[in-house]
Amino acid sequence: MKVDRINKTIAVGVPGNACNLRCEYCYVSHQAINQKIEAPIYNYSVEHMIYAFRPERIGGICEIVLCGSAETLLSNEAIELAKGLMRYGHVVTIVSNATLSKQIDKLLDIEPIYRKNLIFKASFHYDELLNRGLIDTYFQNLHRIVDSGASVFPTVILSKRNIDMIEEISKLFYQEFDEAPYSTPCFDVDDDDDLRFRLKLAPEIDSETKKKICKFLPSKVFEETLRFTKIDPHNHFCYAGKWGYIVDMSNGNVDRCIQNSTGMNFFENTDQVFEIENPVAYSCGIHSCFCKYNYFALGLMPDAKSIYTYGDLIYKKAFISEHIRNVLNVDFSKVYGEEELNQKLNHAKEAYKEQRELMLNSYMWMKDECKKHGIDTNVLWGNPFIRKEVKRAVQNSKKIVVYGIGRKYEQWKTIIDFDISFFLKTTATEGEMFEGKHVYTPEYLRNVDKQDYFVVIAGKAHKEMSCKLESLGLKEKENFV
């Protein structure tokens, strides 16, 4: 089967908060300690979702990355979606911890001709694998995947603990594959505000640590990812949205990139060509493209791209097949001739100049607001939009409910200028009170007229909290924000 080079990169967010591991550097794990594990909700059948990804609808063969909020392979729906996408000829990357052998069997149970389109991005969580006796399982599964004709992408998150054990990790991989795994820096992300303004390495990687990493875990991915942390995406025109986007598997919502919604639904009007008219441009919603090395390598930022094409960036003979290397060796920015691309960029820069200035002015206003209220971080990024929606709800005589009473609410409460009817908390107990108001579980909303209330999410796990509200019949922007 001939596979053309990819034309877009699409990330598919797989819902659910269940995972079989509890890694110390994973924010989802820390959330799960205080949350009830809930079955993911899908608004569409798997068959319908597969049909929506037809090459003729989305501009040809694509790289499609399926990544769960927790462990992707716990979703049987994600496995069936992945197999359907491979049969269309798409290159499918599954992000997983590679320990669920039976689920991996299900994924590999596909005609051999299609397996070569599969990349298994297998996170290597050393401490957890040791503690649970899963080291052998992890490596056995990687060997099975490679032997089946698929590719693997074993990745180490460079937390302080993993850096301390880097020699042990390196030795294990060289024993198994005669090759070092990939590695990426660990970032300190507590909530959406961290993504937007103050992303930082945890731990910081000084020159000596970098030398140590490059010695024991040599990887172009690590070196390029580290370099990208120095690039401010707000200073570069980005084609995310046009050449890549994010689809929420639970409801079809489409984002151009992280924190950049389109308001479109990918799973509607599936007989029509799907295309996003406007790219991200300068409207980046995050502080750094810290984990988007595929965006840089594929040329989504033509004036800030990787020194490698994507296929060459990730290629290691022991892990990645020549087929995958060739399919991913594409530079989207060369879709146009160099002269035409420069003309388009210059035109786009002029067209988005006003938009960029508005964003910068808004940013400065938010910094002033933080200073005025004694807030030491830029937590107000989303508030102008939230306050606009809340104001509209109040004008429509709706009662305001806040979902979350933790750190994010503490940051927001100094600038809240609306009355709160009551709070919601996933693990609320009967009779619980907070700041003089009742605290209920989200299920409380089943027994009220939803049109009388408007919910403001004030929590780190915004996606999971949104899904919970949607499962109760609430609609984003209409009933919550």
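**Exercise 1. The surroundings of S219**

Leaving aside its neighbours within four places in sequence, which residues is S219 in contact with? Then place S219 in the fold and state whether the residue is buried or exposed.

*Solution.* The model is predicted.
- Step 1: beyond the neighbours within four places in sequence, S219 is in contact with P181, Y182, S183 and K316.
- Step 2: S219 sits in a loop, between α12 (207–216) and α13 (220–228).
- Step 3: the relative accessibility of S219 is 4%. Buried means under 20%, so S219 counts as buried.
- Step 4: a side-chain interaction can be added, since the side chain of S219 reaches the backbone nitrogen of V221 at 3.1 Å.

**Exercise 2. Helix α4 and the residue after it**

Find how far helix α4 reaches from its first C-alpha to its last, and compare this with the expected value. Which residues of α4 are buried?

*Solution.*
- Step 1: α4 covers residues 76–87, which is 12 residues.
- Step 2: at 1.5 Å a residue, 16 Å is expected. The expected span takes 1.5 Å times one less than the number of residues.
- Step 3: α4 reaches 17 Å, close to that expected value.
- Step 4: the buried residues of α4 are A78, I79, L81, A82, K83, G84, L85 and M86.
- Step 5: just after α4, G89 takes a positive phi of about 100°.

**Exercise 3. Positive phi outside glycine**

A98 and N269 each have a positive phi in a residue other than glycine. For each residue, give the phi value, the loop and the burial class.

*Solution.*
- Step 1: phi of A98 is near 60°, and A98 lies in the loop between β3 (91–96) and α5 (101–108).
- Step 2: A98 has 0% relative accessibility and therefore counts as buried.
- Step 3: phi of N269 is near 50°, and N269 belongs to the loop between β12 (260–265) and α14 (293–298).
- Step 4: exposed means over 50%. N269 is at 52% relative accessibility, so N269 counts as exposed.

**Exercise 4. Y444**

Where does Y444 lie, and how far apart in space are Y444 and L472, C-alpha to C-alpha?

*Solution.*
- Step 1: Y444 is in the loop between β16 (437–440) and β17 (453–457).
- Step 2: with a relative accessible area of 28%, Y444 is partly exposed.
- Step 3: Y444 and L472 are 28 residues apart in sequence. Their C-alpha atoms are 9.5 Å apart in space.

Definitions and conventions:
Residues numbered from 1 in each chain as written. Predicted model: local features only at pLDDT ≥ 70, side-chain atom pairs only at ≥ 80, totals over all residues. Heavy atoms only, no water. Helix = DSSP H or I, 4+ residues; strand = E, 2+ residues; numbered from the N terminus. Buried < 20%, exposed > 50% of the residue type's maximum accessible area, 1.4 Å probe, protein only. Polar contact = N/O pair within 3.5 Å; in protein donor to acceptor, adjacent residues only side chain to side chain. Contact = heavy atoms within 4.5 Å.
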